[in-house]
Amino acid sequence: MRRTMSVRDIPSAAARRRAPRLATVAAAAVLAASASCHRPAPAIERVVLVGIDGLDWKILRPMIEAGRAPHLARFVAGGASGDLSTLLPTYSPNLWASVATGKVPGKHGIDGFAKRSASDAKKLVPFTSNMRRAKALWNVLGDAGKDVAVVGWWTTWPAEQVRGVMVSDRMQYNRFNIWLGLAHHGQDLPGQTWPRDLFEELVDATVVDEKVEAEFFRRFDPENPEPVLRRDLHDPWYELFLVYGRDRAYAEILDRVLDRGPYDFVAYYLNGPDIASHYFWKYRFPGEWPRPLPEEDVRRHGDVIESYYAWVDDSIAPLLEQADERCLVIVISDHGFVSGARGDSRHISGIHYNTAPDGIIAMAGGGVPAGATLDRAGILDIAPTVLHALGLPVGRDMDGRVLPIFAEGTGASGVELTFVDTHETGDGPTDTEPRDTEHDEVILEKLRALGYI
Ligand SMILES: [Zn+2]
């Protein structure tokens, strides 16, 4: 899918605010010049954080070399990149909450996919945003007067009342799932967006139909003689279709959210490479699979993961192009993949659970030198790095550190690395019980198919 609108020309919130405040800036410059220690304003005004679940250099590097991921190729060449070490177990809710908070799951409290309901011990309820016990980047930045946009990030339902926009990770459980027959009610799930009335402007982006289904088969299984989906949550093609519909919807939603900007911080999440890798890894690396696979299947399905990566590359191109002197763009994944089976999930051939293969990190803009290697970066380092890049102090209670590429004076070089004991202000949600919804059974069924619960 091509984006309908470029986001390149949108000025940053800081730039917009800067215009009428030249007098203040001039006064500050005089002050700075007269101070004994030289502390210019932060060089970086905006950070765009793109989270892509399960993206792995083993797939991406050869694609970059072969010219199949041109936008990421240009982005990686123009900035710094490396491996991103993960945390065990490599469960997505845990990891993406650790990215957002800079804290280990024991501190932020999102430590699995689902939790037993307090009122009914037999019932599992997926984690909800009110259960996170630590402030996320969007909370800390909002407290500091920064405008944020958060789209599709894990465990963001119900949408939090941020300074800016939040579109929860369950947006597609409305019209989308109704069309698929997965939800048997006509009621939209509340709490999808902040501000709340944004929902009506976005919800049609989540609609999937026969045209999307046809496009899906052309893209991922063009030789299929009967391109019709079986509505079965344990069927790999159906799973891939669900996640493609999801990611496609969020790409459109992001476009519309960016039109409402500018923002000082954008966090955006795509899920598809993880699902594609779980189900199609053995066709990409047939030699690593313990049993021989039908040649015809390897030929037809061996390119599914790359096809998904190629869609991601195209889809995030406008975000990557935002990288410049004042805008730092960071692309990360939470883990990679290895070959392996998973319990009784008979279709799974790519895994990451307790093996912790590294994810990826690439960043450009904000003075990051081209061609640099990021050494020993980890999931927990993202939040401190983003805070520092935007000129805010790092919480001493965070478990990561500012990546040395900034701490040593590159990029946000003029800004001294500063700390506070904590950014927690104790004003988080008071009700931290999981909120159950009519969609829970569908969510849990998908998690079971993946062997997560
Ligand atoms: Zn996974």
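**View 1. Buried residues and the N-terminal cap of helix 10 in the predicted model.** Helix 10 spans residues 210–220, and the buried residues in this helix are Val-212, Glu-213, Glu-215, Phe-216, Phe-217 and Phe-220. At the N-terminal end of helix 10, Asp-209 acts as the cap, with a side-chain oxygen placed 3.1 Å from the backbone nitrogen of Lys-211. Two of the buried residues of this helix, Phe-216 and Phe-220, appear again in the next view as contacts of Leu-240.

**View 2. Leu-240 and the largest nonpolar core.** This core comprises 81 residues, and within it Leu-240 and Tyr-268 have the most contacts. The element that gives the most to the core is helix 11, residues 236–259, which supplies 13 residues. When neighbours within four places in sequence are left aside, the residues in contact with Leu-240 are Phe-216, Phe-220, Ile-275, Ala-276, Phe-280, Val-304 and Tyr-308. Another core, made up of 47 residues, lies apart from this one, and its members include Ala-100, Leu-137, Val-150 and Ala-377.

**View 3. The surroundings of Thr-101 in helix 5.** Thr-101 belongs to helix 5, which covers residues 92–101. The relative accessible area of Thr-101 is 0%, and because buried means under 20%, this residue counts as buried. A polar atom of the Thr-101 side chain lies 3.1 Å from the backbone nitrogen of Lys-103. Not counting residues up to four places away in sequence, Thr-101 touches His-108, Arg-132, Ala-134, Lys-135, Ala-136, Ala-383 and Met-398.

**View 4. The largest cavity and the residues that line it.** Searching the whole structure gives 4 cavities of 30 Å³ or more, and the largest of them has a volume of about 510 Å³. Its lining is formed by 28 residues, of which Trp-154, Tyr-173, Asn-271, Ile-443 and Lys-446 are the closest to the centre of the cavity. Two or more lining residues come from each of helix 5, helix 8 (175–180), helix 11, helix 12 (272–284) and helix 18 (440–449). Helix 11 provides the largest share of the lining, namely 4 residues, and helix 11 is also the element that gives the most to the core shown in View 2. Sorted by class, the lining of this largest cavity consists of 16 nonpolar, 6 polar and 6 charged residues.

Note on methods: Residues are numbered from 1 along each chain as its sequence is written. This is a predicted model: local features need pLDDT of at least 70, side-chain atom pairs count only at pLDDT 80 or more; totals for chains, interfaces and linings use all residues. Side-chain values use heavy atoms; hydrogens and water are left out. A nonpolar core is a set of buried Ala, Val, Leu, Ile, Met, Phe, Trp, Tyr and Cys residues joined through side-chain atoms within 4.5 Å. Buried means under 20% relative accessible area, exposed over 50%, partly exposed in between (1.4 Å probe, protein chains only). Contact means heavy atoms within 4.5 Å. A polar contact is a pair of N or O atoms within 3.5 Å; within protein, one must be able to donate a hydrogen and the other to accept it, and residues adjacent in sequence count only if both atoms are side-chain atoms. On a 1 Å grid over the protein atoms alone, a cavity is a set of points where a 1.4 Å probe fits but cannot get out, and a pocket is an open set with protein on both sides within 12 Å along at least five of seven lines; lining residues have an atom within 4 Å of a point. Grid points are joined across faces, edges and corners, and a volume is the space filled by probe spheres set on the points. Ala, Val, Leu, Ile, Met, Phe, Trp, Tyr, Cys and Pro count as nonpolar, Asp, Glu, Lys and Arg as charged, and the others, Gly among them, as polar.
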